Amino acid sequence: MPGRDFAPKVIAFCCQYCAYSAADMAGSMRLQYPAEVEIVLIPCTGRFDVILALRAFEKGADGVYVAGCLEGNCHFLDGNIRARKRVDYLKEGLASVGVEPGRVRMYNLSASQGPRFAEIAGEFVRDVASLGPFRDAGPLGGPDDGTGPEGTDGKMTTQSQQARGTPAGTGRETP
Ligand code: FES
């Protein structure tokens with residue numbers, strides 16, 4: 001059965017306000033959540049882009065989730081609303097090429113929801129584990145062999161630098 005012994009790699013794009021604060025609280029409360037979750041800090045989920053998720057998959061992620069402030073509480077007004085639309089768009093795109101849309105999800109949290117953050121992380125890792133590795137998921141699966149459109153020098157694009165939490169330079173939109 002897929003996923004029984006499989007530890008998926010999961011990237012969590014967390015906005016620096018509520019979601020990251022919730023993650024921080026989970027850590028302060030010493031709540032356990034799966035080590036497979038790698039948190040990538042973004043200024044606001046409004047900075048989340050489909051390309052970020054696709055690059056994460058290309059680099060070996062099996063699942064990606066976006067965690068932002070509660071709806072109505074985004075520090076940049078509607079970043080989390082726009083992020084949800086992008087997540088929905090990405091799910092549709094994945095489904096259209098035979099990849100399980102459950103590999104992508106959007107969550108909304110308040111800064112005080114440390115326990116909820118830990119719960120979400122566990123829930124998502126379990127769900128992705130049940131889907132199995134992304135490389136088996138369809139035509140988009142497979143490791144990054146360095147032969148993609150960015151060439152073979154191992155340099156990342158601006159979008160990937162954002163995913164790594166490094167300065168992004170000029171993005172095409174503000175949060
Ligand atoms: Fe948290 Fe926009 S600042 S989602």
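In what order do the elements of the protein run from the N terminus on? In this predicted model, the order is β-α-β-α-β-α-β-α-α. The secondary structure thus described comprises 5 helices and 4 strands.

**Burial and contacts**

The protein has 175 residues, of which 39% are buried. Among contacts with a separation of 6 or more, 80% join residues that are 24 or more positions apart.

**The largest nonpolar core**

The largest nonpolar core holds 47 residues, and the members that touch the most others are Ala12, Cys14, Cys15, Ala19, Ala67 and Ala121. At least two residues of this core come from each of eight elements, including those in the table. Helix α4 makes the largest contribution, with 8 residues.

| Element | Residues |
|---|---|
| β1 | 10-15 |
| β2 | 37-42 |
| α2 | 50-58 |
| β3 | 63-69 |
| α3 | 79-96 |
| β4 | 104-109 |
| α4 | 114-131 |

Which residues does Ala67 touch, not counting those up to four places away in sequence? The partners of Ala67 are Ala12, Cys14, Cys15, Ala19, Tyr107, Leu109 and Ile120. Among these partners, Ala12, Cys14, Cys15 and Ala19 also belong to the group of core residues that touch the most other members.

**Asp24**

Helix α1 spans residues 18-28 and contains Asp24. Is Asp24 buried or partly exposed? Asp24 is partly exposed because 15 other C-beta atoms lie within 10 Å, whereas a buried residue would need 20 or more. The C-alpha atom of Asp24 is separated by 7.2 Å from that of Gly114, although the two residues are 90 residues apart along the chain.

Conventions. Residues numbered from 1 in each chain as written. Predicted model: local features only at pLDDT ≥ 70, side-chain atom pairs only at ≥ 80, totals over all residues. Buried ≥ 20, exposed ≤ 12 C-beta atoms within 10 Å, placed from the backbone. Contact = placed C-beta atoms within 7 Å. Core = buried A, V, L, I, M, F, W, Y, C linked by C-beta atoms within 7 Å.
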